[in-house]
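Got your viewer open and ready? Let's take a walk through this protein, one selection after another.

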Amino acid sequence: NYYNHPSDPVVELLGAVLQAGCIVGSILAGFLSDRLGRRNGAFNAALLLLLGTLIAGMPLYTDVKSLAPIFVGRAFIGVANGFLSCTIPTYVCEVASATHRGAVNSTFQFFIVLGILISYLLNWALVPSVEIGWKLSLAWQAVPAFGLVIALSFLPESPRWLILFGNDPVAAATALHQFRCKEDDVQEEIRGIVAESQSVQRQNGNGIDIMTVYAPSIFSDLSGDESEERKLWNTVLVGITFVLLTPVAVMYVDRFGRKFLLLIGTAGMILSMLTLSVCGHLMKGSYSHGMAHAVLGNVSVAALLAVGEAGGFMVYSIVNVIIFMFVLAFLKETKGTNLEQA
């Protein structure tokens with residue numbers, strides 16, 4: 001009502017602009033994090049994230065009636081998210097010890113799904129019952145963004161980056177001391193990084209975003225229940241599932257290895273996408289038009305319109321089969337190895 005009921009393509013574009021920003025951010029992450037540093041690159045991306053949340057939250061503190069601030073804000077948020085999603089795991093890997101690197105890095109994913117659950121809970125609690133609930137839902141993103149800026153301001157640069165790109169083993173040792181116990185031999189680890197680095201030559205599409213972004217539409221179309229509160233509660237259940245299962249990876253990634261868990265997770269995605277495809281086929285087109293664009297929009301509406309909703313999920317299942325085969329054939333296990341050996 002506030003925006004005079006924008007058309008379906010406008011709403012779908014509003015959802016897609018964040019994903020497009022993520023692609024841009026992830027492309028820029030490698031070059032800029034090498035040039036600026038892992039910590040400095042992440043800090044600048046966090047500032048962009050905070051700016052994006054403040055712009056997207058403008059309906060709460062201004063009388064603007066245009067969707068432009070939300071489009072711009074979500075684009076900035078997308079670029080920042082794409083950058084941070086590449087840089088933060090790299091930073092965590094570079095400061096963690098080889099014996100605990102998998103578990104430590106998996107906490108990154110845990111906090112992502114925890115954030116998704118919190119956002120689902122806030123939407124469920126605010127949007128149906130509070131008149132300005134949707135405005136609060138947009139504006140609250142600034143809180144964790146501000147927290148990220150503050151947290152990053154206290155962290156040192158990655159020791160490995162300081163050696164590989166800064167050529168400063170002394171600063172690297174100082175930084176590494178902040179992540180190790182007193183009894184750890186930091187100098188020996190630094191010497192190992194230097195030795196390995198001297199011999200090293202430098203050289204979004206599995207369907208999970210569909211469930212996180214378009215869960216209300218998917219569950220509404222599958223169940224036939226158009227209740228706003230019920231749709232949002234279903235997303236909460238998705239978030240709870242994320243949060244409950246992610247610690248499994250944290251506990252077992254260093255025991256069973258990265259490759260094994262990646263294969264298991266990809267196999268689960270194949271089964272999930274096949275199940276949704278079969279449901280769509282059995283319902284014989286009872287998915288809504290908006291649902292169709294939600295499913296197809298994350299890839300290419302023009303390329304996939306002909307396959308329908310069930311076909312869209314089938315395409316995602318095929319993509320996951322390709323991912324499974326690639327991991328099985330080409331990725332090696334890195335359990336228990338340092339980053340230079342991996």
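Let's begin at Arg-180, which is buried, with a relative accessible area of 14%. Keep in mind as you look around that this is a predicted model. To find Arg-180, go to the loop between α9 (169-177) and α10 (186-198). Now show its side chain: what does the side chain of Arg-180 reach at 2.7 Å? Follow it and you'll arrive at the backbone oxygen of Val-95. Val-95 isn't alone there, as Arg-180 also touches Ala-96, Ser-97, Val-186 and Glu-189, not counting residues up to four places away in sequence.

**Zoom out for a moment**

Switch to a cartoon view of the whole chain. How many helices and how many strands does the secondary structure come to? The tally is 16 helices and 0 strands. Of the 342 residues in the chain, 39% count as buried. If you turn on a surface, you're looking at about 18,100 Å² of accessible area, and 66% of that belongs to carbon and sulfur atoms.

**Next stop: the salt bridges**

Side chains of opposite charge can pair when their charged atoms come close. A search of the whole structure turns up 2 salt bridges. Select Asp-34, Arg-38 and Glu-94 together, since these three are linked in a network of salt bridges.

Start with Asp-34 and Arg-38: their closest N and O atoms are 2.6 Å apart. Asp-34 is partly exposed, at 30% relative accessible area, while Arg-38 counts as buried at 7%. Now move on to the other partner of Arg-38, the side chain of Glu-94, where the N to O distance is 3.0 Å. Arg-38 lies in helix α2 and Glu-94 in helix α4, so this pair ties together parts that are 56 residues apart in sequence. Both Arg-38 and Glu-94 are buried.

**Stay in α4: Ile-77**

You've already met helix α4, so select Ile-77, which is found there too. Is Ile-77 buried or exposed? It's buried, with a relative accessible area of just 4%. Try showing everything in contact with Ile-77: leaving aside neighbours within four places in sequence, you'll get Leu-18, Leu-49, Gly-52, Thr-53, Ala-56 and Gln-141. Then add Cys-22, which is 55 residues away from Ile-77 along the chain, and check the C-alpha atoms of the two: they are separated by 8.1 Å.

**On to helix α7**

Select residues 142-152, which make up α7, and colour its buried residues: Ala-142, Ala-145, Val-149 and Leu-152. They cover an arc of only 100° around the axis, which puts them on the same side of α7. Here's a handy rule for that sort of pattern: an α-helix has 3.6 residues a turn, so residues three or four places apart point the same way. What covers the buried residues of α7? The cover includes α2 (38-56), α4 (68-95) and α6 (133-139).

**Last stop: out on the surface**

Finish by selecting Leu-244 in helix α12, which spans residues 228-256. Leu-244 has 60% relative accessibility, so it counts as exposed, the cut-off for exposed being over 50%. Now add Leu-237, Ile-240, Leu-245, Val-248 and Met-251 to your selection. Together with Leu-244, they make a nonpolar surface patch of about 560 Å², made by Leu-237, Ile-240, Leu-245, Val-248 and Met-251 alongside it.

Definitions and conventions: Residues are numbered from 1 along each chain as its sequence is written. This is a predicted model: local features need pLDDT of at least 70, side-chain atom pairs count only at pLDDT 80 or more; totals for chains, interfaces and linings use all residues. Side-chain values use heavy atoms; hydrogens and water are left out. Helices (H or I, at least four residues) and strands (E, at least two) are DSSP runs, numbered from the N terminus. Buried means under 20% relative accessible area, exposed over 50%, partly exposed in between (1.4 Å probe, protein chains only). A polar contact is a pair of N or O atoms within 3.5 Å; within protein, one must be able to donate a hydrogen and the other to accept it, and residues adjacent in sequence count only if both atoms are side-chain atoms. Contact means heavy atoms within 4.5 Å. Accessible areas come from the Shrake-Rupley method with a 1.4 Å probe; for residues, only the protein chains shown count as cover. The arc is that of the directions from the helix axis to the C-beta atoms. Patches are made of residues with over 30% relative accessible area and no salt bridge: like charges are joined within 9 Å, nonpolar side chains (Val, Leu, Ile, Met, Phe, Trp, Tyr) within 5 Å. A salt bridge is a side-chain nitrogen of Lys or Arg within 4 Å of a carboxyl oxygen of Asp or Glu.
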